[in-house]
Amino acid sequence: MRGHNVGVLVAASRGLSPTAGNDSQIDRQSGSDLVEALGRLGVPAVALAVDESLDLTLRRTPVDACLLAAHGEAGGRGQIQAFLELRGIPFSGPSAQAASLAYDKLRARQILAYHSLPVPPTLSLGAEPPSQAALGLLGWPCVLKPRRGSHGQGVRLLADAAAVQEAAASPGDFLLERAILGREIQVVLLHGRALGAMEVDRDPATPAQIRAMTCPPALSRSQLRGISNLAEHAARALGLDRGAARVDVLVHPRHNEVILEVEPLPALHRDGVVAKVARAAGLRYDALVADLVRDLVELPRLEVPALQVAATVEAAAPLLQ
């Protein structure tokens, strides 16, 4: 097999939709880190902007495979993956259909619920506000969040029905969900298997702001194993068995865990949750990148042994009972 060139696809600031710029800074950092890591692995790589000219860009800069650093809106809708599938260019990560399904919180929760996986009670907020009876099932306060979104953008608490009326007048697709108190645990998966977990502490006033991250979470070994199994079942139900994925789980001290969302294309920069969880599990950043592209390209300089993910997760868990 000859050497390969890898195109690292980075969402342009103007992207594929008006909201694509929200993740552009993370995309650029991920793209830069991935290109550098591939270079250290001896794999020629180039960052390519995902915009209206992507087809022309790939014709002018032919690549043998692609690694997506287009997170959030740009990669979540599956348009990039669909284009690569159409062009016959292999890529790391979920298929177009799987990415689009997971990124749509309403559809993803419907699928997860069908598989008997726990999700928050949820209402779709369309042009007409939900009935009082439906709102009564959610209780107050409830959480408003974009139907398609990432990094906590647009998430806020609504205190009463008047706030719902106001939110219904805003353009866009939103969801209302029951507000559930608990600890947010983000489980990182690699090729469908749990690699480890990170506890995330958000600012209640601005959920997009993360105040602290703890890896591994202060949970018992059995709790961590149960959450990891739950995340693996969720990823399998949504067809996320390629590349990196993240499942966000809410852990309540007296109730069962609840799956908040499944991120089909988590950020891949060196300081992101995926890289930090991998590092805690004993997987250096370059080795993580090598594993992501292993089935796509030859690695002339670094051979990474097969990951024993289950053992790694257990080793990373604190010995709490």
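1. Helices and strands are here DSSP runs, numbered from the N terminus. The structure under review is a predicted model. Its chain contains 12 helices and 13 strands.

2. Helix α1, formed by residues 24-40, lies across the strands β1, β2 and β3, the last of which spans residues 65-69. Relative to β1, the helix runs at about 170°.

3. The strands crossed by this helix belong to an open sheet of four strands, arranged in the order β2-β1-β3-β4 with parallel pairing. Its edges are β2 (45-50) and β4 (91-92), each of which pairs on one side only. In general, the strands of a sheet pair through backbone hydrogen bonds, in either a parallel or an antiparallel manner.

4. Within this sheet, six bridges join β1 (residues 6-11) to β2 in the parallel sense. V6 is placed opposite A45 of β2.

5. Helix α1 also meets helix α11, which comprises residues 285-293; the two axes come within 9 Å and cross at roughly 90°. Because angles of 65 to 115 degrees count as roughly perpendicular, α1 is described as roughly perpendicular to α11.

6. On the α1 side, the contact is made by S30, D33, L34, A37, L38 and R40, and on the α11 side by Y285, D286, V289 and V293. The residues of this contact comprise six nonpolar, one polar and three charged.

7. For the chain as a whole, 51% of the 321 residues count as buried. Among contacts with a separation of 6 or more, 69% link residues 24 or more positions apart. The exposed area of the chain is about 14,900 Å², of which carbon and sulfur atoms supply 51%.

Definitions and conventions
Residues numbered from 1 in each chain as written. Predicted model: local features only at pLDDT ≥ 70, side-chain atom pairs only at ≥ 80, totals over all residues. Heavy atoms only, no water. Pairing = 2+ DSSP bridges. Helix = DSSP H or I, 4+ residues; strand = E, 2+ residues; numbered from the N terminus. Contact = heavy atoms within 4.5 Å. Axes fitted to C-alpha atoms, helices over the stretch in contact; angles between N-to-C directions. Parallel < 35°, antiparallel > 145°, perpendicular 65-115°, else oblique. Nonpolar A, V, L, I, M, F, W, Y, C, P; charged D, E, K, R; others polar. Buried < 20%, exposed > 50% of the residue type's maximum accessible area, 1.4 Å probe, protein only. Areas by Shrake-Rupley, 256 points an atom, 1.4 Å probe, with all protein chains shown as cover.
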